[in-house]
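Welcome! Let's take a friendly walk through a protein model, one topic at a time.

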Amino acid sequence: MPDSDVTRTPLGDPVELAALSQAYGGHADMRQFCGIGSVKTNIGHLDTAAGLAGCVKVALSLSRGEIPASLHFKTPNPALRLEQSPFFVVDTRRQWEGTRPFRAA
């Protein structure tokens, strides 16, 4: 995977991130406070099972108090404009921080 592409979907990823940024619009003054990641980097494309795999990842993350890293991530696709969004890519495993209850989707 090239260093400049997170998931090799140069059009789809910016569209998805723009939609997520709009959904988090209530926090418009905050930047890069919410980690994002992908199951695909760990186990590949799943088609119809992708939603279930994401749900399992979220459940395990919440129950273990850890956010897993997105494997093989080097640099984001510049079209994502992460620095202007509520999001950052979780590139290393990290502990949940902040006030409970934690939320994930």
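How many Å separate the backbone nitrogen of Ser-38 from a polar atom of the side chain of Ser-70? The distance is 3.2 Å. Keep in mind as you read that this is a predicted model.

## Ser-70 and its surroundings

To find Ser-70, look in the loop between strand S2 (66–67) and S3. Ser-70 counts as buried because its relative accessibility is 6%, and the cut-off for buried is under 20%.

Which residues does Ser-70 touch, leaving aside its neighbours within four places in sequence? The contacts are Ile-36, Gly-37, Ser-38, Thr-41, Val-89 and Val-90. Ser-38 appears here again: its backbone nitrogen is the partner of the Ser-70 side chain at 3.2 Å.

## The chain as a whole

Now step back to the overall layout. The protein chain has three helices and four strands. If you read along the sequence, these follow the pattern α-β-α-α-β-β-β.

The chain has 105 residues, and buried residues make up 25% of them. Take the contacts with a separation of 6 or more: 70% of these are accounted for by residues 24 or more positions apart. One example of distant positions in sequence is Ala-18 and Arg-81, which are 63 residues apart in sequence and 9.3 Å apart in space, C-alpha to C-alpha. Ala-18 has its place in helix H1, and its relative accessible area of 47% is why Ala-18 counts as partly exposed.

## The largest pocket

What is the volume of the largest pocket? It comes to about 1600 Å³. Several elements give two or more residues to its lining: helix H1 (12–23), strand S1 (34–36), helix H3 (50–64), strand S3 (87–89) and strand S4 (94–95). Helix H3 gives the most, with six residues.

In total, 48 residues line this pocket. Lying nearest its centre are Cys-34, Gly-35, Ile-36, Gly-37 and Ala-105. Two of these names may sound familiar, since Ile-36 and Gly-37 are also among the contacts of Ser-70. Sorted by class, the lining has 25 nonpolar residues, 15 polar ones and eight charged ones.

## Aromatic rings

How many aromatic pairs does a search of the whole structure find? The search finds three. One of the pairs is formed by Tyr-24 and Phe-87, with an edge-to-face arrangement: the ring centres are 5.1 Å apart and the planes make an angle of 80°. Tyr-24 sits in the loop between H1 and S1 while Phe-87 is in strand S3, so this pair ties together parts that are 63 residues apart in sequence.

Is Phe-87 buried or exposed? Phe-87 counts as buried because its relative accessibility is 1%. Tyr-24, in contrast, counts as partly exposed because its value is 28%. Together with Phe-33, Tyr-24 and Phe-87 form one aromatic cluster.

## Asn-77 in the loop

For a last stop, return to the loop between S2 and S3, where Asn-77 is found. Asn-77 has 9% relative accessibility, so this residue counts as buried.

Which backbone nitrogen lies 2.9 Å from a polar atom of the side chain of Asn-77? That nitrogen belongs to Ala-79. With Ser-70 also in the loop between S2 and S3, you now have two residues to look up there.

Key:
Residues numbered from 1 in each chain as written. Heavy atoms only, no water. 1 Å grid on protein atoms, 1.4 Å probe; cavity = no way out; pocket = protein on both sides within 12 Å on 5 of 7 lines; lining within 4 Å. Points joined across faces, edges and corners; volume = space filled by probe spheres on them. Nonpolar A, V, L, I, M, F, W, Y, C, P; charged D, E, K, R; others polar. Buried < 20%, exposed > 50% of the residue type's maximum accessible area, 1.4 Å probe, protein only. Polar contact = N/O pair within 3.5 Å; in protein donor to acceptor, adjacent residues only side chain to side chain. Contact = heavy atoms within 4.5 Å. Phe/Tyr/Trp six-rings, centres within 6.5 Å; stacked < 30°, edge-to-face > 60°.
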